[in-house]
Every structure is written in structure tokens, then in C-alpha cells.
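Okay, thanks for making room for me today. I'll put the structure up and then talk you through a few spots in it.

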Amino acid sequence: MKRIGIAVTDPGDWTAIALNDALVKASARPVVFRLHDVTTSIKEHNRLYAGNTDLGSLDAVIVRDVGGAGGVGVSGSDVGSDVGIGGGSGSAGAGGGGGSAVADGDAGSSDGVGDGSGGSEDMPYRLDVLCNLERSGLKVVNPPEAIRTAANKHICSYLFREHGLPTPDTILTTNLDAALDAIRDWGRAVVKPIFGFKGMDIHCVVDDEHSVKLLSSVIDTRGVLYLQRFISNPGRDIRVFVVDGDVPAAIYRLAPPGSWINNLSRGGSHKRCEVTGEIAGLAVEAAGAVGTVYAGVDLIEGEDGLQILEVNGTPSGRGIYEACGVNVTQDIVKCVLDMV
């Protein structure tokens, strides 16, 4: 019987429980552990363990999230999991999207790479644990490098364009004048953290005095501006779930009245989205560009067609299940078991 680890923040969130149940149904033995609880022993031999579990004895690890120490809340609950090394990746996109992470139907989890819980070295350590497990020959899904990449909006935008994929025009700069030039060219822009979650700290800006003050404040606090062209859209975005090159389901995420941010954790709602060939093709290519095995890909419907906002490297499956009746954790488990 294969022993498959499930790395979690909150063992009680919907996706963690669903992964556990899917492994049992597939006649595998799930071993749930928190990365926060992992001890690394570097003595005669390298050893990583959580409680009484020697992680090196596992056959594979599925990473549910890499969130904060608290086990609940931003990074651990089932409230919209979208990753971010600095706090998850909520994709309140370039024009109304609102993703990740950790979002697509669960309201709180930051797709999991960080919510500020723990000390300054806690999050890098967790990712190092995943890297060391991978170095030892263990199959880790998603790979730690893919989780790290997905958490970084800058790198994702760069990779999308490098792969010839449609994505909103973007500028990163520490120069206020350069940012204002871009805003004047675009008319409207979205400013958001490179590492963000749950649609927090995202603003729509124009060329006015208020925006100048806001952008100056962001430069002072974050050190760099990440700006995307605002994409006019129908007041919704699309979360597409990808597993090993296939798309089991997708949902629309709709902004609440009076808002342009679609994140479910910010009051958005979801409904089933029919998966067209274009939607599936773009989502699979975006997930592949980032290096994920499974992912939540956020798309926006612009006047010039679909554009890619983000790839979330530790997405929740709850929203997809609630809207479509599709349990994507079963697809993830089958994919992992086929690898080992």
C-alpha cells in the first residue's frame, strides 16, 4: 500500500479532507502532516520527520498548502486558497478578476505560501523542506519550485508573455513617473502586491492626485510597483482547474454588487463555467509555463478575448465541487499514484 503524505496548514479544511478520502478510496494510505511541524535532523544522516512520521519513508507528498503556523485563517482554512510567498496570490485581476493560491470557492486559504504567520524564516524553511524531500527522490506535487513560481505575480506575468500567452500588459517599477506614464497610456490600471492573497491590497488607479498618493505609499511600503492594464470585463473571472494537462471543471467567480473584485473571500459568488477548447487550452498552457502538475488558473474575459491573470499552485477544490459537483482531488490523487 502506497503511503502518500498530505502537507497541510489546517487538517480540517475541505480540500485536505477530500484528498485524504480520495487516497483511502484509491487504496492508498494518507499521512497528513503540517510543514510547520517538520523537524530536520542533520547528523550522521539527513532526516526529516513530523511527529513520529519519518517523511523519507513516504512514497510521495501532495502539497495542499504551505501556509501559516496558525492552522486556520488566511492560509489554512478553506476560504479561497491562492498561494503567495508573501501571502498567497489573490487574483483580483486586471479588470475585475478576483482570484491564488488559495479564490476558487473556499474563503480564506491563501493558496498557501504564506500569510505572515510564524517568524521571518519560517516560510523559507517550509519550502526548503519540500525541496529537500524532492532532492531525496520523493515525488512532491506540486513541485516546490512550481509553488514558488506561481506565488510570484512578476515571474508568472513574465513567463506568460515569454510563452506567447495572452496576459494583460504589465509594468514593474520603482519609478513613480514611469508608473504614471503607463497609467496615462492605459487609462486605468490595477496595482497589486507581487505576493498577495484574497484580493487584499488591490486598487484600481487612474491619472489623478489620489492615485499619485497611493502609488507613492506603495513604493514606500513595498519598494516596487506591480501594475497591470485594467481589462474591461463582464464583472467576473474564470477559475479553471488543471490536473496533469486535463481540465476537469471550471467556474465563474462573480464580483458582489458594487465591487470589481471577484474573490470569494471578498463576497464573490461562483457558478459553473462550460469548458471550451479555448479555455482549456489557455489554462493548460499557463499551468505548464509555471511548472505545476495541478493548478487553479485565473482567466479574464476582455474585449480582445481571454487573457491569463494568474496560476495558483496550491488551489482549493471546494468551489469547483460546490458549483460543478466535480471532486478534483480524485484527479490529483490518481495523477500522483500513477507517478509512484
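So, aromatic pairs: this structure holds two of them. Before I go on, keep in mind that this is a predicted model.

Pair one is Trp-14 with Tyr-321, and that one is tilted, with 5.3 Å centre to centre and 35° between the planes. How much of these two residues is covered up? Trp-14 has a relative accessibility of 21%, so we call Trp-14 partly exposed. Tyr-321 comes out at 40%, so Tyr-321 is partly exposed too. If you're wondering about Trp-14, the cut-off for buried is under 20%.

Now the other pair, Phe-241 and Tyr-294. Stacked or tilted, what do we call this one? The ring centres are 6.3 Å apart and the planes sit at 15°, so Phe-241 and Tyr-294 are stacked. The cut-off behind that is planes under 30 degrees apart.

Where do those two rings come from in the chain? Phe-241 is in strand 12, residues 236-243, and Tyr-294 is in strand 15, residues 294-302. That's 53 residues apart, so to speak a link between distant parts of the chain. And both are inside: Phe-241 is at 1% relative accessibility, so it counts as buried, and Tyr-294 is at 2%, so Tyr-294 is buried as well.

Staying with rings for a moment, there are arginines sitting over some of them. Arg-188 is over the face of Phe-230, 3.9 Å from the ring centre. Arg-236 does this with Tyr-252, lying over the ring face at 3.8 Å from the centre.

Okay, one small residue I'd like you to look at: Ala-50. You'll find Ala-50 in strand 4, which covers residues 46-50. Buried or exposed? Its relative accessibility is 10%, so Ala-50 is buried. What does Ala-50 touch, once we leave out residues up to four places away in sequence? The answer is Phe-33, Asp-37, Val-38 and Leu-55. For Val-32, the C-alpha to C-alpha distance to Ala-50 is 9.6 Å, with the two sitting 18 residues apart in sequence.

Last, let me zoom out to the whole protein. We've got nine helices and 16 strands. There are 340 residues, and 58% of them count as buried. On the outside, the protein exposes about 13,100 Å², and carbon and sulfur atoms supply 47% of that.

That's my tour, happy to go back to any of these spots.

Technical notes:
Residues are numbered from 1 along each chain as its sequence is written. This is a predicted model: local features need pLDDT of at least 70, side-chain atom pairs count only at pLDDT 80 or more; totals for chains, interfaces and linings use all residues. Side-chain values use heavy atoms; hydrogens and water are left out. Helices (H or I, at least four residues) and strands (E, at least two) are DSSP runs, numbered from the N terminus. Buried means under 20% relative accessible area, exposed over 50%, partly exposed in between (1.4 Å probe, protein chains only). Contact means heavy atoms within 4.5 Å. Accessible areas come from the Shrake-Rupley method with a 1.4 Å probe; for residues, only the protein chains shown count as cover. Rings of Phe, Tyr and Trp (its six-membered ring) pair if their centres lie within 6.5 Å; planes under 30 degrees apart count as stacked, over 60 as edge-to-face and the rest as tilted. A charge sits over a ring if NZ of Lys or CZ of Arg is within 6 Å of the ring centre and within 35 degrees of the ring normal.
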